[in-house]
Amino acid sequence: MRAIEISAPGGPEALRLAERDRPRPGPGEVLIRVAAAGVNRPDIFQRQGRYPPPPGVTDIPGLEVSGRVVAIGPATEPLPALGDRVCALVSGGGYAEYCVAPALQCLPVPDGLTDVEAASLPETYFTIWSNVFDRARLQPGESIL
């Protein structure tokens with residue numbers, strides 16, 4: 001598959017097109033044929049050499065993607081299902097034709113959104129959800145600014 005690699009720490013010129021093996025989904029994961037990938041601050045920091053990928057995570061940048069599920073790992077609940085159009089938050093690997101994502105970190109693409117628009121959702125949506133509902137425990141009738 002084609003993927004974007006970081007040839008050396010630096011500016012956008014450090015990115016290069018390369019051939020890589022197609023990843024395979026493990027238990028609890030799905031394989032997404034990537035239609036679009038978001039660009040986030042951690043991606044820029046990784047390109048600059050200031051944000052190394054966590055141990056065991058691909059060196060291909062990209063933390064959020066949109067596309068279609070093309071394979072499901074063993075022992076994975078079929079949610080999402082093969083062929084579903086999803087957007088997902090990933091640990092890396094989004095700047096490639098195929099990307100593995102935890103099934104639980106996939107969201108159905110809302111009706112009316114393009115792939116590019118959908119690829120911008122996961123990082124923001126999951127971060128907001130985690131901060132507002134999991135950490136701050138916002139309740140019905142409360143508001144937040």
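Q: What is the order of the elements from the N terminus on?
A: In this predicted model, the elements run β-β-β-α-β-β-β-β-α-α from the N terminus on, which gives the protein three helices and seven strands.

Q: What makes the protein as compact as a globular protein of that length?
A: The radius of gyration is 16 Å, and the globule rule gives 15 Å for 145 residues; the two values are close, so the protein is as compact as a globular protein of that length. Along the principal axes, the C-alpha atoms fill a box of roughly 50 × 35 × 30 Å. Buried residues account for 37% of the 145 residues, while the protein exposes about 8,700 Å², of which carbon and sulfur atoms supply 56%.

Q: Why is β3 said to pair with β4, and how many bridges join β3 to β6?
A: Two strands count as a pair if there are at least two bridges between them. Strand β3, residues 29–37, is joined to strand β4, residues 64–72, by seven bridges, and five bridges join β3 to β6, so both cases meet the cut-off of at least two. Both β3 and β4 and β3 and β6 run antiparallel. Among the bridge partners in β4 are R68 for R33 and S66 for A36, whereas in β6 the partner of V30 is A101.

Q: Why are β6 and β7 said to stand at the edges of the sheet?
A: The sheet is open and has five strands in the order β6-β3-β4-β5-β7, with antiparallel pairing. Strands β6 (98–102) and β7 (106–108) each have a single partner strand, so one side of each is left without a neighbour in the sheet. From one strand to the next, the twist averages 50°.

Q: Which helix packs on the sheet, and which strands are touched?
A: Helix α3, residues 122–135, packs on the sheet and touches β4, β5 (85–89) and β7, with a direction that makes about 60° with that of β5.

Q: Why is N40 called buried?
A: Buried means under 20% relative accessible area, and N40 has a relative accessible area of 12%, so N40 is buried. This residue lies in the loop between β3 and α1 (41–47). Leaving aside neighbours within four places in sequence, N40 is in contact with L63, E64 and E123. The C-alpha atoms of N40 and E29, which are 11 residues apart along the chain, are separated by 22 Å.

Q: Is R137 buried or exposed, and how do you know that?
A: The cut-off for exposed is over 50%; R137 has a relative accessible area of 58%, so R137 is exposed. R137 lies in the segment after α3, and its phi is near 55°, a positive value in a residue other than glycine. As a general background, most residues other than glycine have a negative phi.

Q: What makes the approach of the E97 side chain to the backbone nitrogen of R2 a polar contact?
A: A polar contact is a pair of N or O atoms within 3.5 Å, where one must be able to donate a hydrogen and the other to accept it. The side chain of E97 reaches the backbone nitrogen of R2 at 2.6 Å, so the distance satisfies the limit of 3.5 Å. E97 is found in the loop between β5 and β6 and, not counting residues up to four places away in sequence, touches M1, R2, I32, R33 and V34.

Conventions: Residues numbered from 1 in each chain as written. Predicted model: local features only at pLDDT ≥ 70, side-chain atom pairs only at ≥ 80, totals over all residues. Heavy atoms only, no water. Helix = DSSP H or I, 4+ residues; strand = E, 2+ residues; numbered from the N terminus. Axes fitted to C-alpha atoms, helices over the stretch in contact; angles between N-to-C directions. Contact = heavy atoms within 4.5 Å. Rg over C-alpha atoms; globule rule 2.2 N^0.38 Å. Buried < 20%, exposed > 50% of the residue type's maximum accessible area, 1.4 Å probe, protein only. Areas by Shrake-Rupley, 256 points an atom, 1.4 Å probe, with all protein chains shown as cover.
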